[in-house]
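Biologist: I would like a close look at the enclosed space in this protein and at the parts of the fold that can be followed outward from there. Please take me through it slowly, residue by residue where that helps.

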Amino acid sequence: MLCTRLTNARFLTMDPRHPVAHDLGIWRGRIVGVDEAVTSLPARRVVDLGGATVLPGFIDSHVHLAWAGLKAGAPSVAPCERIEDILAVVDAAARRPAPAGAWVEVAGYDQRALGRHPTAAELDRVSHGRKIFLMHDSGHACVVNTAVLELLPDGTPHEDGFLAESAMTAARRLRLPYSQEELADAIEKAARACLDEGVTACAEAGIGGGLLGHSPVELGAYQLLRDRGRLPLRVQLMASGDTLRPRAAHPDDGFPRSLDLGLRTGFGDDWLSLGALKIYTDGGMMARTAALTSPYEGTAGDTGRFQDEPERIAALIVDGHLAGWQLAVHAIGDRAADLALDALERAQRLRPRPDARHRVEHAGLIRPDQLPRFAALGVSAVVQPNFLRSFGDDYATVMGEGRADWMYRGRGFLDHGVELVGSSDRPVTDGSPLRAIQFMVERLSLSGRSIGPDEAVTVDEALRAYTVAGARACRWEDAAGALAAGKRADLVVLGDDPHRVAPSRIGDIQVLATYVDGRDARAGT
């Protein structure tokens with residue numbers, strides 16, 4: 001007997017053996033089959049979906065749940081466009097009652113509307129004796145007041161309180177880590193927002209590290225949720241590369257660095273597991289720290305920056321590969337992509353691993369000559385289409401006419417045989433897969449500007465990026481990404497078929513229900 005049979009729907013299975021179905025059977029959280037395989041079977045519950053469209057649950061392959069939840073609960077300066085407005089928000093936040101020594105953390109900061117960064121001296125005027133940390137929306141920079149600057153190690157580079165990349169890491173390490181209870185609440189809040197957008201599984205892009213880690217024992221917060229039955233969707237955790245330590249392992253093991261106990265990609269279960277090793281190379285376009293081969297337009301030769309000495313970054317990539325990890329290498333600029341691809345080539349020469357499934361996270365600006373290198377290495381491109389939907393006007397301007405078409409590619413990757421994987425990087429921008437899919441098809445920013453129109457993909461290809469390709473990037477292809485017998489009963493119920501509406505309406509399609517493990521996770525049934 002089936003636990004549940006879903007009927008009267010248009011199931012877009014993403015399974016080429018049976019692309020469209022009208023019935024789907026579920027038993028103990030797994031799909032039994034579709035159509036004639038289940039239609040005549042008895043079921044404890046039959047759910048009539050009223051002609052809705054059903055897809056495999058969306059997989060968001062690059063998120064920051066803890067950061068998203070914490071940001072949602074923090075004072076925010078968005079959408080402040082004047083320094084005076086930002087200072088007013090900081091002033092109000094600093095006046096709130098707080099335990100002795102507590103920092104004032106403010107979110108929503110983006111200098112682009114202001115034309116400059118606030119200064120430490122300006123923050124000092126409204127700090128009321130507190131330490132101020134104004135977080136940039138990109139996650140790659142911050143502005144702090146003098147009370148923080150005075151605690152930084154000697155030589156930490158800053159510009160009147162503006163700290164980027166490794167300098168920001170130094171400031172974050174001064175703060176007492178969040179407690180596991182605080183993190184658990186933030187993660188749960190963000191995860192439920194994912195469910196509302198049809199996301200049933202995601203990859204948390206870097207825990208425990210210096211840049212965006214929130215605690216050296218951050219994994220424990222996810223395990224706490226799992227133990228208490230409060231983890232509402234499936235999460236794969238990427239350990240930050242700087243959590244690896246030199247280990248005196250047996251010489252035959254062949255690796256110089258690892259996590260404690262030799263933990264690596266694949267440890268865990270269907271709900272919570274350890275995924276790729278997250279390694280940063282450069283920064284981001286919003287903060288103008290993505291590493292480029294040619295300068296940002298309108299600057300005096302600024303080509304961004306690496307997170308560390310290139311040789312040290314490359315050595316970490318090689319060591320992670322030798323230790324058996326799947327690697328998720330953050331590389332936004334084309335110069336950073338060169339570093340990543342060079343290191344991955346070297347790693348594969350030292351120890352060939354044909355199914356390593358290494359990933360380049362973001363792949364924000366990829367030159368034409370780099371596309372064949374992605375393909376030759378079998379590296380997937382984990383892109384964030386909503387970056388260009390939200391920030392495309394700005395990004396296209398700072399890249400210039402000659403490079404704008406290379407940003408967050410779609411068609412270029414697919415035509416070269418590179419796996420194209422969709423993700424959001426929430427909370428940096430909009431997390432909705434449907435709005436991202438709309439951009440992938442249209443290539444239009446919110447203002448209507450066309451950005452890289454030749455990089456547009458079909459609706460099917462865009463859907464695949466958030467289902468089949470997402471499952472493969474997370475090594476879940478045996479259990480997720482398609483609606484087929486034996487796979488998890490994770491699916492999203494939509495109010496319309498993305499194929500049957502105008503591309504401009506895809507992002508407005510209503511998410512009616514999100515099933516995880518055979519139950520509507522939003523309704524609790």
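Modeller: I will start with the cavities, follow their lining residues into the strands, and then visit a pocket and a few places elsewhere in the chain. Please keep in mind that this is a predicted model.

Let's begin inside. Rolling a probe the size of a water molecule over the atoms shows where empty space is left. Here the search gives four cavities of 30 Å³ or more. The largest cavity holds about 120 Å³ of space. Its lining is made of 19 residues, and those closest to the centre are S138, H140, I332, H362 and D425. Strand 15 and helix 11 (385–399) are the elements that each contribute two or more residues to this lining. By residue type, the wall of the largest cavity comprises ten nonpolar, seven polar and two charged residues.

Two of those central residues make good starting points for a walk outward. Take S138 first: its side chain makes a polar contact of 2.9 Å with the side chain of H136. H136 belongs to strand 8, which covers residues 132–136. Is H136 buried or exposed? H136 is buried, because its relative accessible area of 1% falls under the 20% cut-off.

Across from H136 in strand 8 stands Y109. Strand 7 and strand 8 run parallel and are joined by four bridges. Both belong to an open sheet of four strands, ordered 7-8-9-10, in which the pairing is mixed. Strand 7 (104–109) and strand 10 (162–164) are the edges of that sheet; each has a single partner strand, so one side of each has no neighbour in the sheet. From one strand to the next, the twist averages 25 degrees.

Leaving strand 7 along the chain brings us to A113, in the loop between strand 7 and helix 3 (120–124). A113 counts as partly exposed, because its relative accessibility is 49%, while exposed would require over 50%. A113 also gives a feel for distance: its C-alpha lies 39 Å from that of R472, with their positions 359 residues apart in sequence.

Now back to the largest cavity for the other walk, which starts from H362, one of the residues closest to its centre. H362 is in strand 17, where A331 stands opposite it. The two strands concerned, strand 16 (residues 327–331) and strand 17 (residues 359–362), run parallel and share four bridges. They take part in an open sheet of eight strands with parallel pairing, in the order 6-11-12-15-16-17-18-19. At its edges are strand 6 (58–63) and strand 19 (420–422), each of which pairs on one side only. Ignoring direction, neighbouring strands in this sheet are turned by 25 degrees against each other on average. Strand 15 appears in this strand order, and that strand is also among the elements of the largest cavity's lining.

The second largest cavity has a volume of about 70 Å³. Residues from several parts of the chain line it, including P56, G57, I59, T200, A201, R488 and D490. I59 falls within strand 6 (58–63), one of the edge strands of the eight-stranded sheet. The lining of the second largest cavity divides into seven nonpolar, three polar and two charged residues.

Open space deserves a glance too. The second largest pocket has a volume of about 600 Å³. It is lined by 24 residues, with R173, D242, Q307, D308 and L316 closest to its centre. Helix 5 (166–172), strand 15 (272–280) and helix 8 (310–322) each supply two or more residues to that pocket's lining. Sorted by type, the lining has eight nonpolar, nine polar and seven charged residues. Strand 15 is therefore a useful landmark for your own tour, because it is named for the lining of this pocket and for that of the largest cavity, where a cavity is space a 1.4 Å probe cannot leave and a pocket is an open set.

One last stop is the start of the chain. Strand 1 (residues 2–12) pairs antiparallel with strand 3 (residues 24–27) over three bridges, and R5 has G25 in strand 3 as its bridge partner. Strand 3 in turn runs antiparallel to strand 4 (residues 30–34), with four bridges joining them. There G25 has G33 of strand 4 as its bridge partner. Two residues lie between strand 3 and strand 4 in their hairpin, where R28 takes a positive phi near 50 degrees.

How values were computed. Residues are numbered from 1 along each chain as its sequence is written. This is a predicted model: local features need pLDDT of at least 70, side-chain atom pairs count only at pLDDT 80 or more; totals for chains, interfaces and linings use all residues. Side-chain values use heavy atoms; hydrogens and water are left out. On a 1 Å grid over the protein atoms alone, a cavity is a set of points where a 1.4 Å probe fits but cannot get out, and a pocket is an open set with protein on both sides within 12 Å along at least five of seven lines; lining residues have an atom within 4 Å of a point. Grid points are joined across faces, edges and corners, and a volume is the space filled by probe spheres set on the points. Ala, Val, Leu, Ile, Met, Phe, Trp, Tyr, Cys and Pro count as nonpolar, Asp, Glu, Lys and Arg as charged, and the others, Gly among them, as polar. Two strands pair if DSSP finds at least two bridges between them. Axes are lines fitted to C-alpha atoms, for helices over the stretch in contact, and angles run from 0 to 180 degrees between N-to-C directions. Buried means under 20% relative accessible area, exposed over 50%, partly exposed in between (1.4 Å probe, protein chains only). A polar contact is a pair of N or O atoms within 3.5 Å; within protein, one must be able to donate a hydrogen and the other to accept it, and residues adjacent in sequence count only if both atoms are side-chain atoms.
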